[in-house]
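This report concerns the aromatic side chains of one protein chain and the charged groups placed over them. The structure is shown first.

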Amino acid sequence: MNRILIVSVLFFLFACGPSNKKETEEKKVSLAPAPKVNPDSAFSFVEAQVKFGPRIPNTIAHKKTGDYLDFTLKKYGAKVTEQHFESMSYEGKKLFLRNIIGSYFPEKQKRVLLAAHWDTRPFADKDKEKPNAEFDGANDGASGVGVLLEVARLLSTSKQPNVGIDIIFFDGEDYGEKMGESGPPLPEGQETWWLLGSQYWAAHKHQPNYSAYYGILLDMVGAKGSKFFKEGASVEYAPSIVNNVWNTASQLGHSSIFVNQQAGAITDDHVIVNEKARIPMIDIVHYDPVYGYFGDYHHSRRDNMDLIDKEILGAVAQVVVQVVYSEE
Ligand SMILES: [Zn+2]
């Protein structure tokens, strides 16, 4: 995840409180049957990516991780489409990028799009000691992908949901200018020097006229102590999806992680999917009210496996799985 869209990110609106206990218990009974997530499995998918090294475009680790994601989606029964494309970076470097898309149940008309970015930012520009260093991106990148690989595993081993699923791993989300710098003028039609994969996909969908009922983006979903507030752009674009996801989290007993409060808006791949691909998409992303918008590990060498909590990964994965299996 890169940076903020609106400056007033810490402007939390304290909305309605959690529903009373009795109501929550009653709702629990009505949850549709859904496969059970294995938090250890989700964790192992994050670890596997980090072991390749930082997934910085144009590196061997990036290539190997892309191959691993393609292989793993196929292993879990997805029809995989890859988009290889080139994008110019803000510093005039040609980047060789790759969106990886796994589709399930292509015959189903009603589809849900799940996405995360799989690349790693090329420098730890918020690291106080070494702002030019590379970093592992265990949370920023690998966590969302790890959760979606666990979803893929469950889709391949469980009863089919009623909806088709497309899992997109966007590349080039976390490229872009260093903090405090501004790049050269953007090429025509390009919105930012980051979010490169989602911009490419929105202009060149993997299937002509592809659309989805809605989408859920995951970004930084595995850090210890994570809180997921209702991100402002998600609330603006797709309020009913936000409410459905947060209500489902509450019914699963995760209302301390999925906090029923609105937070400021950020720019992430979901903004491109909403604006350019015209698919309503929300973002589940970690906010930290103490350290400003994101956690203190953000874009620093502290974003490594020590940060990752398998219970948080498991909770996010279970919420996503429950939302998908509750669709009629
Ligand atoms: Zn980032």
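The sections below describe ring pairs, a cluster and charges over rings in this predicted model.

## Aromatic pairs

The model contains 13 aromatic pairs. One of them joins F52 and Y68 in a tilted arrangement, with 5.6 Å from centre to centre and 50 degrees between the planes. The two residues are 16 residues apart and link distant parts of the chain: F52 belongs to the loop between α2 (39-51) and α3 (60-75), whereas Y68 is in helix α3. F52 is partly exposed, at a relative accessible area of 29%. Y68 has a relative accessibility of 17%, and it counts as buried because this value falls under 20%.

A further tilted pair is formed by F228 and F258, whose ring centres are 5.2 Å apart and whose planes make an angle of 50 degrees. F228 lies in strand β6 (residues 228-230) and F258 in strand β7 (residues 258-262), so the contact ties together parts that are 30 residues apart in sequence. Both partners are buried: the relative accessibility of F228 is 0%, and F258 has a relative accessible area of 1%.

## Aromatic cluster

Four residues, F229, Y287, Y293 and F294, form one aromatic cluster.

## Charges over rings

Which ring lies beneath the charged end of K178? The charged end of K178 sits over the ring of F123, at 4.8 Å from its centre. In addition, K108 lies over the face of F105, and the distance to the ring centre is 5.8 Å.

Notes: Residues are numbered from 1 along each chain as its sequence is written. This is a predicted model: local features need pLDDT of at least 70, side-chain atom pairs count only at pLDDT 80 or more; totals for chains, interfaces and linings use all residues. Side-chain values use heavy atoms; hydrogens and water are left out. Rings of Phe, Tyr and Trp (its six-membered ring) pair if their centres lie within 6.5 Å; planes under 30 degrees apart count as stacked, over 60 as edge-to-face and the rest as tilted. Helices (H or I, at least four residues) and strands (E, at least two) are DSSP runs, numbered from the N terminus. Buried means under 20% relative accessible area, exposed over 50%, partly exposed in between (1.4 Å probe, protein chains only). A charge sits over a ring if NZ of Lys or CZ of Arg is within 6 Å of the ring centre and within 35 degrees of the ring normal.
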